[in-house]
Amino acid sequence: MTRILVTGATGTIGRHLVSSLAGAGRDVRALVRDPDRASLPEGVEGVRGDLTAPETLRPALRDVERVYLMWPGIAVDPRVVEVAAEHARHIVYLSTDIADLADGEPATSFHQEIERQIRATGRDWTFLRAIDFATNTLGWADQIRQGVVRWPYGQASRSLIHERDIADVAAHVLTSDGHDGAKYVLTGPESITHAEQVRIIGEAVGREVRWEDLPPETAREQLTAAWGNPAFVAARLAAWRSFVDTPERVTDTVEHLLGRPARSFRSWAHDHADDFR
Ligand SMILES: NC(=O)c1ccc[n+]([C@@H]2O[C@H](COP(=O)([O-])OP(=O)(O)OC[C@H]3O[C@@H](n4cnc5c(N)ncnc54)[C@H](OP(=O)(O)O)[C@@H]3O)[C@@H](O)[C@H]2O)c1
């Protein structure tokens, strides 16, 4: 049976992916930094390894055919992809909505850099270009508990995706053929505004939550203080502003691959109601 290695196996996507692969009786191994502390489903072998130390990945990669690779936002070390490609014949990479690089064009994000490294290995590859996780709205949890969310661009429409749909697509790609060279752009089934997302979460939690538009300049100061990355904040604000007039795009890739519609934001809010209580 094909052995699959899942990196980020305790993370937002990885934890659902290992559960789903193990539940389907697949031979799945989880890369974790601390096997004693990682909570993994029954039947999943946790093997120690650290993406900041590529040589430590070899035991986890032994006899592995396919790898699900995620990158936890640390400095990129090209040896990770090299070591993965020495062992595995197919790398499935959790990426985001980025443009393909032309030959010689410099990468502007770690996702572009890693995609380029993976393409250069000569191994099979599939990129899961997820646009925006619905879990990003967990950042509003404290405000939702207080009954009012102050955030910029209430009318910005976003196509948030349920993390379980990304995990389901990853499981499908890791256990079937025909995905070599595919760049799957993954979104939720609809685009809904920030203010509407807050209303839906309030309904799921059983509390009325008010939306208050935060002026963009105030948001810039607050988010820069919180996130510590002015360029990232500027890019987010510009994107949200653009989604007021042009809603974030919606793809039917989840439905196309899985034969059922992507989960709605409403169902995500119900699944996570306790996180906002
Ligand atoms: N949020 C979005 O809207 C969005 C959209 C598109 C793409 N993405 C991308 O999704 C990725 C994050 O995926 P996620 O949300 O599933 O992960 P996550 O919840 O952020 O989890 C982080 C995982 O990384 C592992 N990890 C951290 N440092 C590690 C290291 N040095 N070596 C090995 N493992 C390490 C942790 O494992 P242990 O602690 O157990 O070792 C944990 O399982 C990022 O690349 C992000 O850019 C996010």
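Here is a short tour of this structure, from the overall build down to single residues.

Please keep in mind that this is a predicted model. The chain has 277 residues and a radius of gyration of 19 Å, which agrees with the value near 19 Å that a compact globule of this length would have. Its domain assignment gives two parts, domain 1 and domain 2, and a nonpolar core lies between them because both give residues to it.

**Overall build**

- The secondary structure of the chain comes to 11 helices and 11 strands.
- Along its principal axes, the C-alpha trace spans about 55 × 45 × 35 Å.
- Buried residues make up 39% of the 277 residues.
- Among contacts with a separation of 6 or more, 72% join residues that are 24 or more positions apart.

**The two domains**

- Domain 1 covers residues 3–130, while domain 2 is assigned in pieces, 136–159 + 191–248 + 267–276.
- Taken over C-alpha atoms, the centres of domain 1 and domain 2 are separated by 30 Å.

**The largest nonpolar core**

- In soluble globular proteins, nonpolar side chains tend to be buried together.
- In this model, the largest nonpolar core holds 67 residues, and the members touching the most others are Val 6, Ile 91, Val 92, Tyr 93, Leu 128 and Ala 170.
- Helix H6, residues 163–174, gives the most to this core, with 7 residues.
- Domain 1 and domain 2 both contribute residues, so the core lies between them.
- Leu 128 is a good place to start looking: beyond its neighbours within four places in sequence, it is in contact with Val 92, Tyr 93, Leu 94, Ser 95, Ile 166, Val 169, Ala 170, Tyr 184 and Leu 186.

**Around the ligand**

- There are 24 residues around the ligand, and Gly 11, Thr 12, Arg 33, Leu 51 and Pro 72 come nearest.
- This shell divides into 12 nonpolar, 9 polar and 3 charged residues.

**Two buried helix residues**

- Val 254 is found in helix H10, residues 253–258, and counts as buried because it has 24 C-beta neighbours inside 10 Å.
- Leaving aside neighbours within four places in sequence, Val 254 is in contact with Asp 165, Val 169, Leu 186 and Ala 262.
- Val 254 and Leu 186 are 68 residues apart along the chain, yet 6.4 Å separates their C-alpha atoms.
- Ala 269 lies in helix H11, residues 265–271, and its 23 C-beta neighbours inside 10 Å are why Ala 269 counts as buried.
- Not counting residues up to four places away in sequence, Ala 269 touches Ile 200, Ile 201 and Ala 204.
- From Ala 269 to Val 198 the C-alpha distance is 9.5 Å, with the two 71 residues apart in sequence.

**Two loop residues with positive phi**

- Asp 63 has a phi near 60°, a positive value in a residue other than glycine.
- Asp 63 sits in the loop between helix H2 (58–61) and strand E4 (66–69), and counts as exposed because it has 10 C-beta neighbours inside 10 Å.
- Phi of Tyr 153 is also positive, near 60°, and this residue too is not glycine.
- Tyr 153 belongs to the loop between strand E7 (148–151) and strand E8 (157–158).
- With 22 other C-beta atoms within 10 Å, Tyr 153 is buried.

Definitions and conventions. Residues numbered from 1 in each chain as written. Predicted model: local features only at pLDDT ≥ 70, side-chain atom pairs only at ≥ 80, totals over all residues. Near = placed C-beta within 6 Å. Nonpolar A, V, L, I, M, F, W, Y, C, P; charged D, E, K, R; others polar. Core = buried A, V, L, I, M, F, W, Y, C linked by C-beta atoms within 7 Å. Buried ≥ 20, exposed ≤ 12 C-beta atoms within 10 Å, placed from the backbone. Helix = DSSP H or I, 4+ residues; strand = E, 2+ residues; numbered from the N terminus. Domains from an automatic or database assignment. Contact = placed C-beta atoms within 7 Å. Rg over C-alpha atoms; globule rule 2.2 N^0.38 Å.
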